[in-house]
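Colleague: I have a model open and would like to learn how to read it. Could you walk me through a few features?

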Amino acid sequence: MTITIDVDRAALSDVVRDRVLAAYGPTITASSADSRSQFRNRATAWAAALERLDAAAKPPPPPRRATRPSRSAVRKRLVAKHQTSLRKQERRRPSTDE
């Protein structure tokens with residue numbers, strides 16, 4: 001069973017129609033052959049088509065706002081790096097150039 005939704009004929013607002021057209025084009029198609037029952041295949045195909053329509057109609061997420069780590073977070077990170085460096089230096093063999 002194949003379901004086709006014509007985006008231009010669907011009762012969508014202009015903003016949503018533009019989003020759907022940009023994502024999927026003028027038609028949304030979904031098909032299902034999971035079951036032997038035509039009724040169940042039709043229901044599954046409609047569910048898939050409407051899921052695609054909903055996903056395409058969602059507004060885009062807000063843009064990411066750039067943030068900086070706090071001064072104390074930077075200091076803690078650098079102290080931890082220095083501690084790791086010292087720990088690894090202590091594992092080395094002592095130098096014999098004395």
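Colleague: Let me start with a single residue: is R9 buried or exposed?

Modeller: Before that, a word on the source: this is a predicted model, where local features need pLDDT of at least 70, side-chain atom pairs count only at pLDDT 80 or more, and totals for chains, interfaces and linings use all residues. Residues are numbered from 1 along each chain as its sequence is written, and side-chain values use heavy atoms, with hydrogens and water left out. As for the general idea, buried means under 20% relative accessible area, exposed over 50%, and partly exposed in between, with a 1.4 Å probe and protein chains only. R9 has a relative accessible area of 74%, so R9 is exposed.

Colleague: Where is R9 found?

Modeller: Helices (H or I, at least four residues) and strands (E, at least two) are DSSP runs, numbered from the N terminus. R9 sits in the loop between β1 and α1. Its C-alpha is 59 Å from that of K76, and the two residues are 67 apart in sequence.

Colleague: What does T2 in strand β1 touch, leaving aside its neighbours within four places in sequence?

Modeller: Contact means heavy atoms within 4.5 Å. By that rule, and with those neighbours set aside, T2 is in contact with T29, A30 and S31. The C-alpha atoms of T2 and S31 are 4.0 Å apart, although 29 residues separate them in sequence. T2 counts as partly exposed because its relative accessibility is 48%.

Colleague: Now the helices. At what angle do α1 and α2 cross?

Modeller: Axes are lines fitted to C-alpha atoms, for helices over the stretch in contact, and angles run from 0 to 180 degrees between N-to-C directions. Here the axes of α1 (residues 14–24) and α2 (residues 38–57) come within 8 Å and cross at roughly 110°. That makes α1 roughly perpendicular to α2; angles of 65 to 115 degrees are given that name, while those under 35 count as roughly parallel, those over 145 as roughly antiparallel and the rest as oblique.

Colleague: Which residues meet there?

Modeller: On the α1 side they are V16, R19, V20, A23 and Y24, and on the α2 side R52, L53, A56 and A57. By class, this contact has seven nonpolar, no polar and two charged residues. For the classes, Ala, Val, Leu, Ile, Met, Phe, Trp, Tyr, Cys and Pro are nonpolar, Asp, Glu, Lys and Arg charged, and the others, Gly among them, polar.

Colleague: What does Y24 touch, not counting residues up to four places away in sequence?

Modeller: Y24 touches R52 and A56. Its C-alpha lies 7.6 Å from that of A56, 32 residues away in sequence. Y24 is partly exposed, because its relative accessibility is 39%.

Colleague: Which residues make up the largest nonpolar core?

Modeller: A nonpolar core is a set of buried Ala, Val, Leu, Ile, Met, Phe, Trp, Tyr and Cys residues joined through side-chain atoms within 4.5 Å. The largest one here has eleven residues: I3, I5, V7, V20, I28, A30, A45, A49, L53, A56 and A57. β1 (2–6), β2 (27–31) and α2 each supply at least two of them, and the largest share, five residues, comes from α2.
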